[in-house]
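Q: Could you take a close look at one part of this protein for me, and explain how that part fits in with what lies around it? I am in my first year, so please go step by step.

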Amino acid sequence: MSAVPRSDKPAGRFRRMLDRLSSSQEDLESEELREDTETTGCTRIDDCQDRQIVTVTGTLRTVTLRPRAGVPALEAELFDGSAALDVVWLGRRSIVGIEPGRKLIASGRIAMSRGRRVLFNPKYELRPLGRE
């Protein structure tokens with residue numbers, strides 16, 4: 001028997017196929033988003049700390065118009081497979097292309113609001129629709 005634990009061995013094609021068949025759709029999408037974060041060189045949302053300048057990527061889950069202090073604010077939840085953060089554009093009612101299901105790369109300084117990570121008015125890049 002090998003002294004190397006099974007989890008440290010590279011998975012064979014059959015093992016990967018079996019894992020994919022026994023995983024839920026949500027688990028598969030989360031894994032794909034985590035891999036995308038690694039390939040683009042972005043920071044995992046789960047690793048982001050308060051007041052840190054980061055570049056993150058993921059899929060927009062929700063987009064809502066929610067006024068803050070009497071000012072319109074477009075708020076979206078960005079999920080990268082590890083965690084979620086809120087992306088908020090102050091003074092905006094809508095932005096073309098910002099819609100649920102859209103992939104996005106966002107850069108800015110993380111803030112904590114009510115225990116959640118938030119990016120206010122980030123620089124952003126919309127990712128192409130469909131398969132890349």
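A: What follows is a walk from the whole chain to strand 2 and its neighbours.

The model is a predicted one, and the protein in it has 2 helices and 6 strands. Read from the N terminus on, these elements run α-α-β-β-β-β-β-β, an order in which strand 2 comes directly after strand 1 and before strand 3. Of the 132 residues of the protein, 33% count as buried, and this is a useful background figure for the part in question.

Strand 2 covers residues 73-79. Of its 7 residues, 7 are buried, and buried here means under 20% relative accessible area, so the strand is largely enclosed by the rest of the structure. The side chains can be sorted by direction: Ala73, Glu75, Glu77 and Phe79 point one way from strand 2, whereas Leu74, Ala76 and Leu78 point the other way. The residues on both sides are buried, and these include the two glutamates, Glu75 and Glu77.

Next come the strands with which strand 2 pairs. Strand 1, which is residues 53-65, runs antiparallel to strand 2, and 6 bridges join the two. Two of the bridge partners can be found in the model: threonine 64 of strand 1 is matched with glutamate 75 in strand 2, and leucine 60 is matched with leucine 78. Glutamate 75 and leucine 78 point opposite ways from strand 2, although both are buried.

Strand 2 also pairs with strand 3, residues 84-90, again in the antiparallel sense, and this pairing extends over 7 bridges. One of the bridge partners is alanine 84 in strand 3, which is matched with phenylalanine 79. Strand 2 and strand 3 form a hairpin with 4 residues between the strands, and in that hairpin glycine 81 takes a positive phi near 95°.

Strand 1 has a further partner as well, since it pairs with strand 4, residues 103-113, in the antiparallel sense over 7 bridges. There, valine 56 has alanine 106 in strand 4 as its bridge partner.

Finally, to return to the whole protein, residues 24 or more positions apart account for 51% of its contacts with a separation of 6 or more. The protein exposes about 8,800 Å², of which carbon and sulfur atoms supply 50%.

Technical notes. Residues numbered from 1 in each chain as written. Predicted model: local features only at pLDDT ≥ 70, side-chain atom pairs only at ≥ 80, totals over all residues. Heavy atoms only, no water. Buried < 20%, exposed > 50% of the residue type's maximum accessible area, 1.4 Å probe, protein only. Contact = heavy atoms within 4.5 Å. Areas by Shrake-Rupley, 256 points an atom, 1.4 Å probe, with all protein chains shown as cover. Pairing = 2+ DSSP bridges.
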